[in-house]
Amino acid sequence: MSSTASGESHGVVPSYLLARLAESGRFPKAAAAARQTLTAGRPPFRARIDLSIDENGDLVAQLSDAPNRTISDAGNTQQLPGAVVRGEDDGPAEDTAVNEAFDGLGATFEMLLAAFQRNSLDDAGAPLDATVHYGVDYDNAFWDGERMVFGDGDGEVFQGFTGSLTVIGHELAHGVVQHTANLEYQGQPGALNESIADVFGALTEQYALGQTADQATWLIGAEIFTDAVEGAALRSMIAPGTAYDDDELGKDPQPDHMSGFVRTTEDNGGVHINSGIPNRAFALFATDLGGKSWERAGTVWYRALTGGLSSTATFTEFADATVAAATALDDATAEAARRAWSAVGVYEDERVPSTD
């Protein structure tokens, strides 16, 4: 079984949704695929030269970081990594999934570099590896601690996971978390782990599309449901609990406020469920600030993650870290951070930290 350093593989589709799908009578193929997915094991620095012309008409060459991507094909087995089918210097393949994975890894790398000056997942140029066509009708995509792994979906409920840039950005973000705060994958730290991954997934899509916070959908995995599902995406960051409402899959269970915090032993203590609370805090923060989310809002979240955050951080501890990071920018940003955490109930009026 492939695993992260903390012993967990982080799939984008939560186990509670797969468990519900596994009992479906409406989607027999998807139900079988979900059961199989639930029981399946989860198993060099590069640079580029950018050329430009300065005001004097002279050619200027600048050296900058570049991704080092390798895409492999598991051939519908569960053997990793599979056969290499595209490297960094290769042209597009005939396989759409290969090219989507390649492009998605690159888009995530570009967002991390442009927004946070971070050179890959470990900030030291780590290679970006991915495997496509994992398993048969495999209903998930996950980060296994070393690589991205994509299933093809069952075709009834889920379709190819490489088609969603938010999914790719989300899963690679688990690698960033692994190399920074390494948040425990349980309870509130685990929900923060999932939420930060959603934040980076959303930022990757917004950066690639050049969207402002107001233009963004704030949906995670909008492309992975088939048309047979009554739902827009796996999760909505701006409106947790509204992403889907389907007779077979049930209703999106994410709370948007601490008053709805779910206490459960399932899903590693509700890591995919309760992540809705910090997700909404970030979306509110970013839209309150306006402009491009990866700039001020993203910088605050990134600095909180990389500024000595404990691996067992609670929502309140992370909120405090974001307020501290926001305060280092300016008072208006700090006030917006406090408003966001108050809006989702992590801060109560008497609890809001002062920057005085």
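The points below walk through the packing, the rings, one helix and some backbone features of this predicted model.

1. The nonpolar core. The largest nonpolar core holds 90 residues, and F158 and F200 are the members that touch the most others in it. Helix α3, which covers residues 96-116, supplies the largest share of this core, with eleven residues. As a general background, nonpolar side chains tend to be buried together in soluble globular proteins.

2. The surroundings of F158. When neighbours within four places in sequence are set aside, F158 is in contact with a set of residues that includes V13, L17, L18 and L21, together with I224, F225 and L234. The list is not purely nonpolar in its names, for D139, D152 and T226 are also among the contacts of F158, as is G153.

3. Aromatic pairs. The structure contains 16 aromatic pairs, and two of them can serve as worked examples. In the pair of Y138 and F142, the ring centres are 6.1 Å apart and the planes meet at 65°, so this pair is edge-to-face; both Y138 and F142 are buried. In the pair of W301 and W341, by contrast, the centres are 5.5 Å apart and the planes are at 5°, so this pair is stacked.

4. What the stacked pair joins. W301 belongs to helix α8 (residues 296-306) and W341 to helix α10 (residues 331-343), so their pairing ties together parts that lie 40 residues apart in sequence. W301 and W341 are both buried, and they also belong to one aromatic cluster whose other members are W218, F282, F285 and F318.

5. Charges over a ring. The ring of F102 deserves a look in the structure, since the charged end of R69 sits over this ring at 3.7 Å from its centre, while the charged end of R86 also sits over the ring of F102, at 3.6 Å from its centre.

6. Helix α10. This helix has 13 residues, and the 18 Å from its first C-alpha to its last is close to the 18 Å expected at 1.5 Å a residue. Within α10, the buried residues are T333, A334, A336, A337, R338, A340 and W341, and the buried residues of this helix pack against α7 (276-289), α8 and α9 (315-327). At the start of α10, a side-chain oxygen of D330 comes to within 3.2 Å of the backbone nitrogen of A332, and after the helix comes G345, which has a positive phi near 80°.

7. T131 and the cis peptide bond. T131 lies in strand β6, residues 128-132, and with a relative accessible area of 0% it is buried. Its side chain reaches the backbone oxygen of P81 at 2.7 Å, and P81 itself is found in the loop between β4 (69-73) and β5 (83-87). The peptide bond leading from L80 to P81 is cis, with omega near 10°. Beyond its neighbours within four places in sequence, T131 is in contact with both L80 and P81, and its other contacts include S72, D73, A74 and F150.

8. Positive phi in helix α6. Which backbone angle should a careful reader check at D267? Although D267 is not a glycine, its phi is positive, about 55°, and this residue lies in helix α6, residues 267-270. N268, which is also placed in α6, has a positive phi of about 50° although it is not a glycine. D267 counts as buried at 8% relative accessibility, whereas N268, at 24%, counts as partly exposed.

Key:
Residues numbered from 1 in each chain as written. Predicted model: local features only at pLDDT ≥ 70, side-chain atom pairs only at ≥ 80, totals over all residues. Heavy atoms only, no water. Core = buried A, V, L, I, M, F, W, Y, C linked by side-chain atoms within 4.5 Å. Buried < 20%, exposed > 50% of the residue type's maximum accessible area, 1.4 Å probe, protein only. Helix = DSSP H or I, 4+ residues; strand = E, 2+ residues; numbered from the N terminus. Contact = heavy atoms within 4.5 Å. Phe/Tyr/Trp six-rings, centres within 6.5 Å; stacked < 30°, edge-to-face > 60°. Lys NZ or Arg CZ within 6 Å of the ring centre and 35° of its normal. Expected span 1.5 Å × (residues − 1). Polar contact = N/O pair within 3.5 Å; in protein donor to acceptor, adjacent residues only side chain to side chain.
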